[in-house]
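Here is a short briefing on one protein model. Read it with the structure open.

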Amino acid sequence: MPSGWRPADVHITDFVAGARSARGLTVIIDVFRAFSVAAHAFARGARTIIPVADVAEARELKRLHPDWLLIGERHARPLPGFDCGNSPTGLERFDLRDRTIIHTTHSGTQGLTAARDADEVITGALVNGAAIVRYIRSRAPATVTLVRMGHEAVERCVEDDLCAQLLAQRVAGEQPETAGVRERLRSAPSAQKFFDPACDWAPARDFELCTQVDVFDFVLQLERGQAPGLLKRIEVPQ
């Protein structure tokens with residue numbers, strides 16, 4: 001952390017409009033499940049992830065690159081013809097080593113592609129929360145924007161609110177308790193699909209994988225030098 005740096009000016013915004021208005025170092029938060037999925041994919045050896053807002057664009061990328069893995073959802077459900085839904089559990093059946101993944105979701109990837117005026121964009125989730133905070137503090141930005149993408153990018157949700165709160169507190173130098181995060185989120189409305197046997201597209205293991213806290217020591221940064229942008233993994237030392 002640069003000498004003399006003080007906690008950044010932290011703004012918390014919501015949905016696609018919040019991503020569009022974001023400035024400074026911007027964290028696009030989607031806990032259930034986009035950016036938990038992305039982090040687990042990189043942890044299992046993925047080369048890169050291409051976040052896409054539009055389903056048709058995602059399908060076209062797959063047509064041009066049939067060896068790439070096409071994953072995603074709308075209304076939380078897998079899309080026809082996709083290799084996998086937006087599920088870290090579903091990805092476990094694939095060998096992800098050195099793979100390129102095309103990823104489109106109802107909330108998270110919409111925020112990534114909308115944050116065009118931010119100085120820098122990274123993903124936000126619980127699984128790499130401590131690494132996100134270390135990265136922010138190492139960059140010492142004047143402004144941080146935390147964008148809660150929420151349920152389908154139109155409604156606030158407990159998990160993204162909590163993630164934003166924890167990040168803001170930690171950036172400010174506080175040490176909030178994280179041990180009870182999983183139990184707190186178990187009763188969240190957006191978590192109920194994980195415990196409904198009829199929702200086979202949202203297995204209970206997804207809940208467990210998305211509510212792990214601070215298990216990965218990297219952040220996922222959006223590279224925007226060309227279209228489409230892509231996520232890359234940046235290690236953040238302890």
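Arginine 33 sits in the loop between E2 and helix H2 (34-43). A cis peptide bond links phenylalanine 32 to arginine 33, with omega at about 15°. The model is predicted. The points below start from this loop, take in its two flanking elements, and then move on to other sites.

**Strand E2, before the loop**

- Isoleucine 29 belongs to strand E2, which spans residues 25-29.
- Isoleucine 29 counts as buried because its relative accessibility is 0%.
- Not counting residues up to four places away in sequence, isoleucine 29 touches Phe35, Gly124, Leu146, Val147, Arg148, Met149, Asp160, Cys163, Ala164 and Leu167.
- The C-alpha atoms of isoleucine 29 and valine 158 are 12 Å apart, while 129 residues separate the two along the chain.
- Valine 27 is also placed in strand E2.
- Valine 27 has 0% relative accessibility, so it counts as buried.
- With neighbours within four places in sequence left aside, the contacts of valine 27 are Ile122, Thr123, Gly124, Ile132, Ile136, Thr145, Leu146, Val147 and Leu167.
- Valine 27 and isoleucine 132 are 105 residues apart in sequence, yet their C-alpha atoms are 8.6 Å apart in space.

**Helix H2, after the loop**

- Why is H2 described as largely enclosed by the rest of the structure? Nine of its ten residues are buried.
- The buried residues of H2 are Ala34, Phe35, Ser36, Val37, Ala38, Ala39, His40, Ala41 and Phe42.
- Phe35, one of these buried residues, is in contact with isoleucine 29 of the preceding strand.
- Glycine 45 comes just after H2 and takes a positive phi of about 105°.

**Helix H3: a buried side and an exposed face**

- Helix H3 covers residues 55-64, and its buried residues are Val55, Ala58, Leu61 and Lys62.
- These residues cover an arc of only 120° around the axis, which puts them on the same side of H3.
- Which elements do the buried residues of H3 pack against? They pack against strand E3 (48-51), strand E4 (69-74) and strand E6 (100-104).
- Ala56 and Arg63 are exposed, on the face of H3 turned away from its buried side.
- At the start of H3, a side-chain oxygen of aspartate 54 comes to within 3.1 Å of the backbone nitrogen of alanine 56.

**Backbone exceptions**

- Most residues other than glycine have a negative phi, and most peptide bonds are trans.
- Phenylalanine 15 has a positive phi, near 65°, and is not a glycine.
- Phenylalanine 15 lies in helix H1, residues 15-21.
- Alanine 140 is not a glycine either, and its phi is positive at about 50°.
- The loop between helix H6 (129-139) and strand E8 (143-148) holds alanine 140.
- Alanine 140 is partly exposed, because its relative accessible area is 21%.

**Glutamine 221 in strand E9**

- Glutamine 221 is found in strand E9, residues 218-223.
- Buried or exposed? Glutamine 221 counts as buried, because its relative accessibility of 13% is under the 20% cut-off.
- The side chains of glutamine 221 and glutamate 120 are joined by a polar contact of 2.8 Å.
- Beyond its neighbours within four places in sequence, glutamine 221 contacts Glu120, Val121, Ile122, Tyr135, Leu230, Leu231, Lys232 and Ile234.
- Ile122 is shared: it is among the contacts of glutamine 221 and among those of valine 27.

**Cavity**

- Rolling a probe the size of a water molecule over the atoms shows where empty space is left.
- How many cavities of 30 Å³ or more does the structure hold? It holds one.
- The largest cavity has a volume of about 40 Å³.
- Its lining consists of Leu126, Gly129, Cys163, Leu166, Leu167, Arg170, Val213 and Asp214.
- Helix H7 (residues 158-171) gives the largest share of this lining, four residues.
- By type, the lining residues are five nonpolar, one polar and two charged.
- Cys163 and Leu167, which help line the largest cavity, are also among the contacts of isoleucine 29.
- Leu167 is in contact with valine 27 as well.

Technical notes
Residues numbered from 1 in each chain as written. Predicted model: local features only at pLDDT ≥ 70, side-chain atom pairs only at ≥ 80, totals over all residues. Heavy atoms only, no water. Buried < 20%, exposed > 50% of the residue type's maximum accessible area, 1.4 Å probe, protein only. Helix = DSSP H or I, 4+ residues; strand = E, 2+ residues; numbered from the N terminus. Arc of directions from axis to C-beta. Contact = heavy atoms within 4.5 Å. Polar contact = N/O pair within 3.5 Å; in protein donor to acceptor, adjacent residues only side chain to side chain. 1 Å grid on protein atoms, 1.4 Å probe; cavity = no way out; pocket = protein on both sides within 12 Å on 5 of 7 lines; lining within 4 Å. Points joined across faces, edges and corners; volume = space filled by probe spheres on them. Nonpolar A, V, L, I, M, F, W, Y, C, P; charged D, E, K, R; others polar.
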